[in-house]
Amino acid sequence: MMKMIVWMGVYDQRSKGKIMKSVADLPGIHYPCMDLKEGTLTLVGDVNPVEIVNKLRKKWRRAKLTLFVPYDALKEAKLAEAKQRREEIEREALYRYNREIREIVNDQERGCVIC
């Protein structure tokens, strides 16, 4: 299996639906995914990159192949797990920081200084 990333330059939901619909009917694609923030389309499966890009360029002239590499599911799972752990640590740090701020304000047992 191969992983393919195509830069589309599309950032709206309507175009995303059209792109996913046009790519979904192609044989050999196991996992299509569109990232609207970056404007990229990620495809995983046994596909011909030239065929995919040519089909996409018929409607979206700005389509460019940016990455075409072998897909390793184990490596992808490890990266996703590391990202999830990093997000949990950041969330916990933010929670602790907000809790410390509240304790400092409520330590004086008075309301707002302005009021």
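This passage describes the fold, the sheet, the helices and the largest pocket of a predicted model.

The chain has 115 residues, of which 24% count as buried. Its secondary structure amounts to three helices and four strands. Followed along the sequence, these elements appear in the pattern β-α-β-β-α-β-α. Of the contacts between residues at least 6 apart in sequence, 65% join residues at least 24 apart.

The four strands form an open sheet in the order β2-β3-β1-β4, and the pairing is antiparallel. Strands β2 (29–35) and β4 (64–70) lie at the edges, each with pairing on one side only. On average, and with direction ignored, neighbouring strands of this sheet are turned by 15 degrees against each other.

Each pairing in the sheet can be described in turn. Strand β2 is joined to strand β3 (residues 40–45) in the antiparallel sense by six bridges. Within this pair, Ile29 has Gly45 of β3 as its bridge partner, Tyr31 is partnered by Val44 of β3, and Asp35 stands opposite Thr40 of β3. The two strands make a hairpin with four residues between them, and in this hairpin Gly39 takes a positive phi near 75 degrees. On the other side of the order, β1 and β3 run antiparallel and are joined by six bridges. Here Trp7 has Thr40 of β3 as its bridge partner, and Met4 stands opposite Leu43 of β3. Strand β1 is also joined to β4 by six bridges, again with the strands running antiparallel. In that pairing, Met4 stands opposite Phe68 of β4. Met4 therefore has a residue opposite it in β3 and another in β4, in keeping with the place of β1 between these two strands in the order of the sheet, where strands count as paired if at least two bridges are found between them.

Strand β3 is mostly covered, with six of its six residues buried. In a regular strand, side chains alternate between the two faces of the sheet. In β3, Thr40, Thr42 and Val44 are on one side, Leu41, Leu43 and Gly45 are on the other, and all of these residues are buried, so both faces of the strand are covered; buried here means under 20% relative accessible area.

Two of the helices lie across the sheet strands. Helix α1 (residues 13–24) lies across β2 and β3, and runs at about 165 degrees to β2. Helix α2 (residues 49–59) lies across β1 (2–7), β2, β3 and β4, and runs at about 25 degrees to β1.

Two aspartates in loops were examined further. Asp12 is placed in the loop between β1 and α1. Its relative accessibility is 36%, so Asp12 counts as partly exposed, a class that lies between the cut-offs of 20% and 50%. Asp12 and Lys37 are 25 residues apart along the chain, and their C-alpha atoms are separated by 9.3 Å. Asp46 is found in the loop between β3 and α2. Because its relative accessible area is 51%, and exposed means over 50%, Asp46 counts as exposed. From C-alpha to C-alpha, Asp46 and Gly28 are 4.9 Å apart in space, although 18 residues separate them in sequence. When neighbours within four places in sequence are left aside, Asp46 is in contact with Met1, Met2, Pro27, Gly28 and His30. Gly28 thus appears among the contacts of Asp46.

The largest pocket has a volume of about 280 Å³. Its lining is made up of Lys3, Ile5, Tyr31, Cys33, Met34, Asp35, Glu38, Thr40, Thr42, Val44, Tyr71 and Glu76. These residues divide into six nonpolar, two polar and four charged. Strands β1, β2 and β3 each supply at least two of the lining residues. The most is given by β2, which contributes four residues. Several lining residues also take part in the pairing of β2 with β3. Tyr31 and Val44, both in the lining, are bridge partners. Asp35 and Thr40 are likewise in the lining and stand opposite each other. The residues Thr40, Thr42 and Val44, which lie on one side of β3 and are buried, are also among those that line the largest pocket.

Notes:
Residues numbered from 1 in each chain as written. Predicted model: local features only at pLDDT ≥ 70, side-chain atom pairs only at ≥ 80, totals over all residues. Heavy atoms only, no water. Axes fitted to C-alpha atoms, helices over the stretch in contact; angles between N-to-C directions. Contact = heavy atoms within 4.5 Å. Buried < 20%, exposed > 50% of the residue type's maximum accessible area, 1.4 Å probe, protein only. 1 Å grid on protein atoms, 1.4 Å probe; cavity = no way out; pocket = protein on both sides within 12 Å on 5 of 7 lines; lining within 4 Å. Points joined across faces, edges and corners; volume = space filled by probe spheres on them. Nonpolar A, V, L, I, M, F, W, Y, C, P; charged D, E, K, R; others polar.
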